[in-house]
Amino acid sequence: MLIKSKTEIASHEITDQAVFESRRQFIKAASVLSASALLPEVSRAEAGKYANITRSTLSTTAAITDRADAISYTNYYEFSTNKQDSSLLARGLTTSPWTVEVSGETENPGKYHLEDILQANPVEERIYRFRCVEAWSMVVPWVGFPLGEMLKKFKPTSKAKFVQFTTLYNPDIMVGQRAHVLEWPYVEGLRMDEAMHPLAILATGMYGDTLPNQNGAPLRLIVPWKYGFKSIKAIVKIEFTETMPATAWNKSGPGEYGFYANVNPEVPHPRWSQSRERVLGSSIFAPKRETEKFNGYGEQVASLYSDMDLAKFF
Ligand SMILES: Nc1nc2c(c(=O)[nH]1)N[C@H]1C(S)=C(S)[C@@H](COP(=O)(O)O)O[C@H]1N2
Ligand SMILES: [Mo]
(Lines give C-alpha, C1' and ligand atoms only; values in the text may rest on other atoms or scores of the structure.)
(Ligands and ions follow the chains in the order given, each with its own letter.)
Protein backbone atom coordinates (compact mmCIF):
# COMPACT_ATOMS: atom_id res chain seq x y z
CA MET A 1 0.00 0.00 0.00
CA LEU A 2 1.35 3.36 -1.05
CA ILE A 3 1.29 5.89 1.75
CA LYS A 4 1.37 9.43 0.43
CA SER A 5 3.35 12.01 2.29
CA LYS A 6 1.52 15.12 3.39
CA THR A 7 2.85 17.21 0.54
CA GLU A 8 1.70 14.67 -2.00
CA ILE A 9 -2.00 14.83 -1.02
CA ALA A 10 -3.85 16.60 -3.80
CA SER A 11 -6.07 19.45 -2.72
CA HIS A 12 -9.20 17.77 -4.15
CA GLU A 13 -8.57 14.78 -1.87
CA ILE A 14 -8.38 17.03 1.17
CA THR A 15 -11.68 18.58 0.14
CA ASP A 16 -13.18 15.12 -0.20
CA GLN A 17 -11.95 14.23 3.26
CA ALA A 18 -13.49 17.45 4.69
CA VAL A 19 -16.78 16.72 2.97
CA PHE A 20 -16.71 13.17 4.28
CA GLU A 21 -16.09 14.43 7.84
CA SER A 22 -18.88 16.95 7.72
CA ARG A 23 -21.20 14.33 6.23
CA ARG A 24 -20.36 12.06 9.14
CA GLN A 25 -21.21 14.93 11.51
CA PHE A 26 -24.44 15.47 9.63
CA ILE A 27 -25.42 11.79 9.85
CA LYS A 28 -24.63 11.81 13.56
CA ALA A 29 -26.76 14.93 14.06
CA ALA A 30 -29.58 13.51 11.95
CA SER A 31 -29.71 10.28 13.95
CA VAL A 32 -29.91 12.30 17.16
CA LEU A 33 -32.73 14.32 15.63
CA SER A 34 -34.71 11.28 14.52
CA ALA A 35 -34.26 9.65 17.91
CA SER A 36 -35.62 12.71 19.69
CA ALA A 37 -38.46 12.91 17.17
CA LEU A 38 -39.69 9.67 18.74
CA LEU A 39 -39.79 11.47 22.09
CA PRO A 40 -41.59 14.71 21.29
CA GLU A 41 -42.06 15.70 24.94
CA VAL A 42 -38.36 15.56 25.65
CA SER A 43 -37.23 17.36 22.52
CA ARG A 44 -39.79 20.14 23.08
CA ALA A 45 -38.72 20.68 26.67
CA GLU A 46 -35.04 20.69 25.71
CA ALA A 47 -35.65 23.58 23.36
CA GLY A 48 -36.60 25.91 26.19
CA LYS A 49 -36.02 26.95 29.74
CA TYR A 50 -38.12 24.22 31.29
CA ALA A 51 -36.10 21.15 30.39
CA ASN A 52 -37.28 17.85 31.89
CA ILE A 53 -40.42 19.40 33.31
CA THR A 54 -42.94 17.02 34.86
CA ARG A 55 -46.24 16.72 33.06
CA SER A 56 -49.19 16.90 35.43
CA THR A 57 -51.73 14.07 35.33
CA LEU A 58 -54.37 16.82 35.19
CA SER A 59 -53.36 17.31 31.54
CA THR A 60 -55.75 16.66 28.68
CA THR A 61 -54.80 14.16 25.96
CA ALA A 62 -56.36 16.34 23.23
CA ALA A 63 -54.16 17.30 20.26
CA ILE A 64 -51.90 20.24 21.11
CA THR A 65 -52.28 23.41 19.04
CA ASP A 66 -49.24 24.40 16.98
CA ARG A 67 -47.09 26.77 19.00
CA ALA A 68 -46.89 29.14 16.03
CA ASP A 69 -50.68 29.56 16.11
CA ALA A 70 -50.91 29.98 19.90
CA ILE A 71 -48.28 32.72 19.99
CA SER A 72 -49.33 34.68 16.90
CA TYR A 73 -53.10 34.91 17.50
CA THR A 74 -53.45 36.54 20.89
CA ASN A 75 -55.93 38.73 22.73
CA TYR A 76 -54.06 41.45 24.62
CA TYR A 77 -55.99 44.71 24.50
CA GLU A 78 -53.26 46.57 26.43
CA PHE A 79 -51.32 46.38 23.18
CA SER A 80 -53.90 46.05 20.43
CA THR A 81 -57.38 44.83 19.68
CA ASN A 82 -55.86 43.16 16.62
CA LYS A 83 -54.79 39.60 17.46
CA GLN A 84 -51.95 39.63 14.95
CA ASP A 85 -50.36 42.84 16.26
CA SER A 86 -49.73 42.20 19.94
CA SER A 87 -46.70 39.92 19.45
CA LEU A 88 -44.74 42.73 17.82
CA LEU A 89 -46.02 45.50 20.10
CA ALA A 90 -45.40 43.50 23.30
CA ARG A 91 -41.69 43.09 22.55
CA GLY A 92 -41.01 46.35 24.38
CA LEU A 93 -42.37 45.06 27.68
CA THR A 94 -39.73 44.39 30.36
CA THR A 95 -40.75 41.37 32.43
CA SER A 96 -37.72 41.12 34.71
CA PRO A 97 -37.42 42.20 37.47
CA TRP A 98 -41.11 41.78 38.31
CA THR A 99 -42.96 42.19 41.58
CA VAL A 100 -46.43 41.16 42.68
CA GLU A 101 -48.18 43.18 45.37
CA VAL A 102 -50.32 41.11 47.72
CA SER A 103 -52.92 42.99 49.75
CA GLY A 104 -56.35 42.96 51.36
CA GLU A 105 -57.63 40.16 53.60
CA THR A 106 -54.29 38.42 54.17
CA GLU A 107 -51.89 37.90 57.04
CA ASN A 108 -48.92 38.34 54.71
CA PRO A 109 -49.39 41.50 52.67
CA GLY A 110 -46.39 42.89 50.83
CA LYS A 111 -44.51 43.25 47.59
CA TYR A 112 -43.02 39.96 46.48
CA HIS A 113 -40.30 39.40 43.90
CA LEU A 114 -41.49 37.00 41.24
CA GLU A 115 -38.25 35.02 41.68
CA ASP A 116 -39.13 34.39 45.32
CA ILE A 117 -42.66 33.31 44.41
CA LEU A 118 -41.23 30.89 41.86
CA GLN A 119 -38.72 29.55 44.35
CA ALA A 120 -41.56 28.59 46.68
CA ASN A 121 -43.87 27.24 43.95
CA PRO A 122 -42.38 24.56 41.68
CA VAL A 123 -43.78 24.53 38.15
CA GLU A 124 -45.08 21.62 36.13
CA GLU A 125 -46.59 21.17 32.68
CA ARG A 126 -50.38 21.30 32.33
CA ILE A 127 -51.93 20.68 28.95
CA TYR A 128 -55.32 22.37 28.98
CA ARG A 129 -58.17 23.16 26.66
CA PHE A 130 -58.65 26.90 26.34
CA ARG A 131 -61.93 28.41 25.07
CA CYS A 132 -62.29 32.10 24.23
CA VAL A 133 -65.71 33.72 24.60
CA GLU A 134 -65.36 34.63 20.89
CA ALA A 135 -65.89 30.91 20.06
CA TRP A 136 -62.39 29.80 19.13
CA SER A 137 -60.35 27.31 21.10
CA MET A 138 -56.89 25.84 21.46
CA VAL A 139 -55.00 23.24 23.48
CA VAL A 140 -51.87 24.58 25.18
CA PRO A 141 -49.10 22.95 27.22
CA TRP A 142 -48.80 25.58 29.93
CA VAL A 143 -45.99 25.66 32.47
CA GLY A 144 -47.19 26.79 35.86
CA PHE A 145 -48.10 26.03 39.45
CA PRO A 146 -51.38 25.65 41.30
CA LEU A 147 -52.81 29.07 42.19
CA GLY A 148 -54.33 27.75 45.42
CA GLU A 149 -51.02 26.45 46.74
CA MET A 150 -49.53 29.92 46.39
CA LEU A 151 -52.58 31.70 47.86
CA LYS A 152 -52.47 29.47 50.95
CA LYS A 153 -48.93 30.69 51.66
CA PHE A 154 -50.22 34.27 51.88
CA LYS A 155 -52.64 33.12 54.63
CA PRO A 156 -55.91 34.71 53.57
CA THR A 157 -58.08 35.74 56.54
CA SER A 158 -61.57 34.32 57.16
CA LYS A 159 -62.99 37.45 55.54
CA ALA A 160 -61.37 36.64 52.19
CA LYS A 161 -64.22 35.51 49.93
CA PHE A 162 -62.76 36.53 46.57
CA VAL A 163 -59.38 37.14 45.03
CA GLN A 164 -58.76 39.97 42.58
CA PHE A 165 -55.97 40.13 39.99
CA THR A 166 -54.66 43.26 38.27
CA THR A 167 -52.56 43.62 35.11
CA LEU A 168 -49.68 46.07 34.80
CA TYR A 169 -50.67 49.63 33.89
CA ASN A 170 -48.01 51.30 31.73
CA PRO A 171 -49.42 53.25 28.78
CA ASP A 172 -45.89 54.24 27.66
CA ILE A 173 -45.30 50.60 26.69
CA MET A 174 -48.82 49.20 26.62
CA VAL A 175 -49.97 51.49 23.87
CA GLY A 176 -53.49 50.08 23.81
CA GLN A 177 -54.00 51.61 27.27
CA ARG A 178 -53.89 55.08 25.67
CA ALA A 179 -57.38 54.41 24.32
CA HIS A 180 -60.40 53.72 26.48
CA VAL A 181 -61.17 50.30 25.02
CA LEU A 182 -61.60 48.89 28.53
CA GLU A 183 -61.28 50.54 31.93
CA TRP A 184 -57.56 50.17 32.72
CA PRO A 185 -55.88 48.44 34.39
CA TYR A 186 -57.44 45.10 33.40
CA VAL A 187 -58.90 43.43 36.48
CA GLU A 188 -60.16 39.88 36.97
CA GLY A 189 -61.30 37.83 39.89
CA LEU A 190 -62.33 34.47 41.24
CA ARG A 191 -64.41 33.30 44.16
CA MET A 192 -62.09 31.87 46.81
CA ASP A 193 -63.19 28.25 46.29
CA GLU A 194 -62.64 28.61 42.53
CA ALA A 195 -59.17 30.03 43.14
CA MET A 196 -58.33 27.11 45.42
CA HIS A 197 -59.42 24.51 42.86
CA PRO A 198 -56.43 22.41 41.74
CA LEU A 199 -57.13 23.09 38.04
CA ALA A 200 -56.57 26.86 38.42
CA ILE A 201 -52.93 27.72 37.79
CA LEU A 202 -50.60 30.65 37.44
CA ALA A 203 -48.56 30.15 34.29
CA THR A 204 -45.00 31.29 33.67
CA GLY A 205 -44.44 29.36 30.46
CA MET A 206 -45.87 27.43 27.52
CA TYR A 207 -44.49 24.82 25.10
CA GLY A 208 -41.57 24.11 27.45
CA ASP A 209 -40.30 27.68 27.44
CA THR A 210 -41.03 30.97 29.19
CA LEU A 211 -44.23 32.78 28.19
CA PRO A 212 -43.86 35.00 25.15
CA ASN A 213 -44.73 38.58 26.14
CA GLN A 214 -47.90 38.52 24.05
CA ASN A 215 -49.19 35.50 25.95
CA GLY A 216 -48.98 37.27 29.30
CA ALA A 217 -45.38 37.09 30.54
CA PRO A 218 -44.10 36.85 33.13
CA LEU A 219 -47.11 35.60 35.12
CA ARG A 220 -50.70 34.97 34.08
CA LEU A 221 -53.76 33.17 35.32
CA ILE A 222 -55.16 30.08 33.57
CA VAL A 223 -58.66 28.90 34.52
CA PRO A 224 -59.44 26.23 31.92
CA TRP A 225 -63.18 25.81 32.64
CA LYS A 226 -63.91 29.51 32.12
CA TYR A 227 -63.92 31.72 29.04
CA GLY A 228 -60.47 32.99 28.14
CA PHE A 229 -60.96 36.57 29.35
CA LYS A 230 -60.80 35.34 32.97
CA SER A 231 -57.20 34.22 32.33
CA ILE A 232 -55.62 37.61 33.05
CA LYS A 233 -52.09 38.40 31.82
CA ALA A 234 -49.05 40.19 33.28
CA ILE A 235 -50.29 40.15 36.89
CA VAL A 236 -48.83 42.78 39.24
CA LYS A 237 -51.41 42.71 42.04
CA ILE A 238 -53.32 40.09 43.97
CA GLU A 239 -55.90 41.30 46.49
CA PHE A 240 -58.03 39.21 48.82
CA THR A 241 -61.47 40.80 49.12
CA GLU A 242 -64.69 40.33 51.03
CA THR A 243 -66.85 41.43 48.10
CA MET A 244 -66.99 40.37 44.45
CA PRO A 245 -64.40 42.29 42.42
CA ALA A 246 -65.57 44.53 39.58
CA THR A 247 -63.88 42.94 36.57
CA ALA A 248 -62.78 44.68 33.37
CA TRP A 249 -65.06 42.87 30.92
CA ASN A 250 -68.03 42.87 33.26
CA LYS A 251 -67.74 46.64 33.67
CA SER A 252 -67.44 47.07 29.92
CA GLY A 253 -70.38 44.81 29.01
CA PRO A 254 -72.35 43.64 32.07
CA GLY A 255 -75.01 42.04 29.88
CA GLU A 256 -72.43 40.14 27.83
CA TYR A 257 -69.61 39.13 30.17
CA GLY A 258 -70.48 37.77 33.60
CA PHE A 259 -68.21 37.43 36.62
CA TYR A 260 -68.38 33.63 36.53
CA ALA A 261 -67.96 33.17 32.76
CA ASN A 262 -68.03 29.39 32.96
CA VAL A 263 -67.91 27.86 29.48
CA ASN A 264 -71.50 26.90 28.72
CA PRO A 265 -72.76 25.84 25.27
CA GLU A 266 -76.35 26.15 26.50
CA VAL A 267 -76.15 29.87 27.25
CA PRO A 268 -75.55 31.91 24.10
CA HIS A 269 -73.69 35.18 24.17
CA PRO A 270 -76.29 37.90 23.38
CA ARG A 271 -74.69 38.33 19.93
CA TRP A 272 -73.63 34.78 18.99
CA SER A 273 -74.05 31.11 19.83
CA GLN A 274 -71.66 29.39 22.22
CA SER A 275 -72.55 25.86 21.12
CA ARG A 276 -69.52 25.37 18.86
CA GLU A 277 -65.96 26.58 18.58
CA ARG A 278 -63.42 27.05 15.79
CA VAL A 279 -60.30 25.04 16.58
CA LEU A 280 -57.30 27.35 16.22
CA GLY A 281 -55.07 26.27 13.32
CA SER A 282 -57.77 24.33 11.51
CA SER A 283 -59.12 25.28 8.10
CA ILE A 284 -62.02 27.73 8.07
CA PHE A 285 -63.85 25.01 6.14
CA ALA A 286 -63.23 22.39 8.82
CA PRO A 287 -66.25 21.43 10.90
CA LYS A 288 -66.44 23.26 14.21
CA ARG A 289 -65.98 21.50 17.51
CA GLU A 290 -68.94 21.06 19.87
CA THR A 291 -68.29 23.20 22.93
CA GLU A 292 -68.42 21.25 26.18
CA LYS A 293 -69.96 22.48 29.41
CA PHE A 294 -67.20 23.82 31.69
CA ASN A 295 -64.97 23.33 28.64
CA GLY A 296 -64.85 19.61 29.39
CA TYR A 297 -63.84 20.03 33.05
CA GLY A 298 -67.35 19.51 34.48
CA GLU A 299 -66.47 16.34 36.34
CA GLN A 300 -63.89 18.27 38.35
CA VAL A 301 -65.59 21.65 38.80
CA ALA A 302 -69.40 21.34 38.46
CA SER A 303 -69.79 20.85 42.23
CA LEU A 304 -68.53 24.41 42.79
CA TYR A 305 -71.76 25.65 41.19
CA SER A 306 -74.32 23.06 42.35
CA ASP A 307 -76.51 25.70 44.05
CA MET A 308 -76.35 28.22 41.19
CA ASP A 309 -78.56 28.79 38.15
CA LEU A 310 -75.85 28.94 35.50
CA ALA A 311 -78.10 30.76 33.03
CA LYS A 312 -78.56 33.56 35.56
CA PHE A 313 -75.07 33.70 37.03
CA PHE A 314 -73.29 33.67 33.70
N1 LIG B 1 -54.48 41.78 30.74
C2 LIG B 1 -55.16 41.10 29.82
N3 LIG B 1 -55.40 39.80 30.01
C4 LIG B 1 -56.10 39.09 29.08
C5 LIG B 1 -56.59 39.72 27.92
C6 LIG B 1 -56.30 41.10 27.73
O7 LIG B 1 -56.68 41.74 26.73
N8 LIG B 1 -55.57 41.75 28.70
N9 LIG B 1 -57.34 39.00 27.01
C10 LIG B 1 -58.04 37.84 27.54
C11 LIG B 1 -58.69 37.04 26.52
S12 LIG B 1 -60.14 37.64 25.86
C13 LIG B 1 -58.23 35.82 26.16
S14 LIG B 1 -59.07 34.82 25.08
C15 LIG B 1 -56.94 35.33 26.65
C16 LIG B 1 -56.04 35.04 25.47
O17 LIG B 1 -54.85 34.43 25.86
P18 LIG B 1 -53.74 34.19 24.73
O19 LIG B 1 -53.57 35.47 24.00
O20 LIG B 1 -52.53 33.72 25.44
O21 LIG B 1 -54.32 33.15 23.81
O22 LIG B 1 -56.26 36.26 27.48
C23 LIG B 1 -57.11 36.97 28.37
N24 LIG B 1 -56.31 37.76 29.28
MO1 LIG C 1 -61.16 35.87 24.78
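Reader: Which side chain has an N or O atom 2.9 Å from a nitrogen atom of ligand 1?

Author: Happy to start there, with the reminder that this is a predicted model. Polar contacts are pairs of N or O atoms within 3.5 Å, and a distance of 2.9 Å from a nitrogen atom of ligand 1 fits that cut-off. The side chain that supplies the partner atom belongs to Thr167.

Reader: How much of the accessible area of ligand 1 does the protein cover?

Author: On its own, ligand 1 has 530 Å² of accessible area. Of this, the protein covers 98%.

Reader: Nice. Which residues have backbone atoms that lie 3.2 Å and 2.8 Å from oxygen atoms of ligand 1?

Author: Let's take the two distances in turn. At 3.2 Å from an oxygen atom of ligand 1 there is a backbone N or O atom of Asn75. At 2.8 Å from an oxygen atom of the ligand there is a polar backbone atom, and that one belongs to Tyr77.

Reader: Where does ligand 1 sit, and which residues come nearest?

Author: Ligand 1 sits in the largest pocket. There are 18 residues around the ligand. Those that come nearest are Tyr77, Glu78, Asn215, Arg220 and Lys233.

Reader: How many residues of the shell around ligand 1 are charged?

Author: Good thing to check before setting up any calculation. The shell holds nine nonpolar residues and six polar ones. The charged residues in the shell number three.

Reader: Let's move to the strands. Is the pairing of β4 with β11 parallel or antiparallel?

Author: Strand β4 covers residues 136-146 and strand β11 covers residues 276-279. Two bridges link them, and Ser137 stands opposite Val279 in β11. The sense of this pairing is parallel.

Reader: In β12, which residue is the bridge partner of Arg276?

Author: β11 also pairs with strand β12, residues 289-290, in the antiparallel sense over two bridges. Arg276 finds its bridge partner in β12, and that partner is Glu290.

Reader: Which residue does a cis peptide bond join to Ala217, and where is Pro185?

Author: Pro185 follows a cis bond from Trp184, with omega near -5 degrees, and lies in the loop between β5 (162-167) and β6 (187-191). The other bond has omega of about 0 degrees, and its proline is in the loop between β8 (209-210) and β9 (220-222). The residue joined to Ala217 is Pro218.

Reader: One last backbone point: what is phi of Lys155?

Author: Lys155 is in the loop between α6 (147-153) and β5. Its phi is positive, in a residue other than glycine, with a value near 50 degrees.

Note on methods: Residues are numbered from 1 along each chain as its sequence is written. Chains are lettered from A and ligands numbered from 1 in the order in which they are written. This is a predicted model: local features need pLDDT of at least 70, side-chain atom pairs count only at pLDDT 80 or more; totals for chains, interfaces and linings use all residues. Side-chain values use heavy atoms; hydrogens and water are left out. A residue is near a molecule or strand if one of its heavy atoms lies within 4 Å of it. A polar contact is a pair of N or O atoms within 3.5 Å; within protein, one must be able to donate a hydrogen and the other to accept it, and residues adjacent in sequence count only if both atoms are side-chain atoms. Accessible areas come from the Shrake-Rupley method with a 1.4 Å probe; for residues, only the protein chains shown count as cover. On a 1 Å grid over the protein atoms alone, a cavity is a set of points where a 1.4 Å probe fits but cannot get out, and a pocket is an open set with protein on both sides within 12 Å along at least five of seven lines; lining residues have an atom within 4 Å of a point. A molecule sits in a cavity or pocket if more than half of its atoms lie within 2 Å of its grid points. Ala, Val, Leu, Ile, Met, Phe, Trp, Tyr, Cys and Pro count as nonpolar, Asp, Glu, Lys and Arg as charged, and the others, Gly among them, as polar. Two strands pair if DSSP finds at least two bridges between them. Helices (H or I, at least four residues) and strands (E, at least two) are DSSP runs, numbered from the N terminus.
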